[in-house]
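These are my notebook entries on a single protein chain. I record here what I looked up, entry by entry.

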Amino acid sequence: MKKVIFIIIIALLLFALYPFANDFFNTSDKQGEEVVFSVANGESAKTVAKNLKNSGLIKSEILFSLKLKATNSATKIHSGTFNLNTGMSLSTIIRKLTTEGGGESFTLVVPEGYSAEQIAQKLEQNGIMNADMFLAALSDDYNYDFIGKIPKRDLKYKLQGFLFPQTYEFFKNASAHEIIDTMLKEFEKQYAKIADVKNIDYDTIVLASLVEREAKLDSERGKIAGVIKNRLNENMLLQIDATVVYAISDGLYNVDKVYYKDLENTSPYNTYKYKGLPVGAICNPGIKSIKAALMPDIHKYKFYHTDENKKDGSHIFTENYDEHMTTQ
């Protein structure tokens with residue numbers, strides 16, 4: 001009887017371990033989805049394994065690490081951007097990571113509040129690619145569910161707002177499509193941590209972009225989002241300077257002063273001329289501004305202006321126009 005039980009236990013263990021053993025020894029690839037995967041300079045094999053798992057390229061970090069060790073490949077992984085596939089075997093993934101890439105790379109820092117135009121300008125100034133090449137690639141097709149939530153409006157760049165602010169590592173020969181795809185993937189990853197990315201509301205991203213350009217202090221992001229919501233509910237013009245600057249600076253935000261004539265700019269992004277949110281996002285917001293847009297503070301404020309006495313980026317918030325004028 002004990003022998004039968006022992007045999008059953010061994011059989012169950014073999015059955016449970018078979019999928020892992022199959023993945024470990026398998027060298028053939030299957031059909032899958034294309035994934036652009038990046039490895040930063042100095043990134044550890046452990047971090048690479050974690051990122052591969054998060055990207056859906058491997059099932060087990062431990063199995064991948066064991067395969068690296070068995071093939072003596074842990075210290076041979078190159079940095080750069082790789083075109084991988086979810087149907088690839090561990091052997092194929094490791095071969096690509098250790099034999100491809102390795103070319104000269106560059107670091108792209110995208111601060112919160114940067115526009116697509118500013119990102120393009122930075123790439124051109126750093127000698128990576130022509131700015132127009134990057135901006136043209138914003139019209140390419142990208143396979144993300146949230147893109148389908150972008151309404152058909154007269155948008156300057158429909159992906160504005162979704163190029164997630166982050167520090168990235170790319171090969172110098174990376175295409176504009178690869179760079180944009182990596183940013184979109186990072187947006188999807190970060191947004192999924194706080195809300196359902198498949199049911200994203202585009203206007204939330206537009207609102208977040210306004211908060212990002214207006215708020216200087218993290219503590220005021222929710223409050224500013226609340227002011228914008230209150231003004232929308234009262235059918236008031238938002239009158240946000242950043243929307244005018246976006247329009248008159250061609251998205252580069254290199255304008256020091258807004259004149260009264262600028263407030264009449266006919267751009268659909270100008271919230272001094274048109275009620276409601278601008279037609280689209282005016283920059284690419286960070287996760288804190290997105291959170292503020294998702295959960296604005298509840299209050300009665302409808303106005304705010306910079307506190308010129310403190311000069312720390314804070315604002316004075318008021319409930320009506322008279323208070324707003326007397327506090328300036």
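With which residue does Lys288 form a salt bridge, and how far apart are the closest N and O atoms? I found that the partner of Lys288 is Asp218, with the closest N and O atoms 2.7 Å apart. The pair links distant parts of the chain, since Lys288 is in helix α11 and Asp218 is in the loop between α8 and α9 (221-233), 70 residues apart. A salt bridge here is a side-chain nitrogen of Lys or Arg within 4 Å of a carboxyl oxygen of Asp or Glu. Helices (H or I, at least four residues) and strands (E, at least two) are DSSP runs, numbered from the N terminus.

**Entry 1: basis of the values**

I note that this is a predicted model, in which local features need pLDDT of at least 70, side-chain atom pairs count only at pLDDT 80 or more, and totals for chains, interfaces and linings use all residues. Residues are numbered from 1 along each chain as its sequence is written, and side-chain values use heavy atoms, with hydrogens and water left out.

**Entry 2: the salt-bridge network**

I followed Asp218 further and found a salt bridge with Arg221, the closest N and O atoms being 2.9 Å apart. Arg221 in turn forms a salt bridge with Glu212, at 3.2 Å between the closest N and O atoms. Glu212, Asp218, Arg221 and Lys288 are thus linked in a network of salt bridges. I then looked up how covered these residues are; buried means under 20% relative accessible area, exposed over 50%, and partly exposed in between (1.4 Å probe, protein chains only). Arg221 is buried, at 10% relative accessibility, and Glu212 is also buried, at 10%. Asp218 is partly exposed, at 41%, and Lys288 is partly exposed, at 49%. Searching the whole structure gives nine salt bridges.

**Entry 3: the chain as a whole**

I recorded 12 helices and six strands for the chain. Of its 328 residues, 45% count as buried. I next looked up contacts, where contact means heavy atoms within 4.5 Å. Among contacts with a separation of 6 or more, 67% are between residues 24 or more positions apart.

**Entry 4: the nonpolar cores**

Which residues have the most contacts inside the largest nonpolar core? They are Phe134, Ile179, Leu184 and Phe187, in a core of 64 residues. A nonpolar core is a set of buried Ala, Val, Leu, Ile, Met, Phe, Trp, Tyr and Cys residues joined through side-chain atoms within 4.5 Å. Apart from that core lies another, of 19 residues, including Ile58, Leu63, Phe82 and Ile94. Ile94 also appears among the buried residues of α4; seven of the 10 residues in this helix (residues 90-99) are buried. In soluble globular proteins, nonpolar side chains tend to be buried together.

**Entry 5: Ile119**

I located Ile119 in helix α5 (residues 116-125). Ile119 is buried, at 1% relative accessibility. Beyond residues up to four places away in sequence, Ile119 touches Leu108, Val110, Tyr114, Phe134, Leu163, Met183 and Asn284. Ile119 and Asn284 are 165 residues apart along the chain, yet their C-alpha atoms are separated by 10.0 Å.

**Entry 6: Gln160**

Is Gln160 buried or exposed? Gln160 is buried, with a relative accessible area of 1%. I found Gln160 in the loop between α6 (131-137) and β4 (167-171). The side chains of Gln160 and Tyr246 are joined by a polar contact of 3.0 Å. A polar contact is a pair of N or O atoms within 3.5 Å; within protein, one must be able to donate a hydrogen and the other to accept it, and residues adjacent in sequence count only if both atoms are side-chain atoms. With neighbours within four places in sequence left aside, the contacts of Gln160 include Ser115, Ala281 and Asn284.

**Entry 7: Thr271**

I placed Thr271 in the loop between α10 (241-248) and α11 (287-294). Thr271 is buried, with a relative accessible area of 1%. The side chains of Thr271 and Thr243 are joined by a polar contact of 2.8 Å. From Thr271 to Met236 the C-alpha distance is 9.9 Å, and the two are 35 residues apart in sequence.
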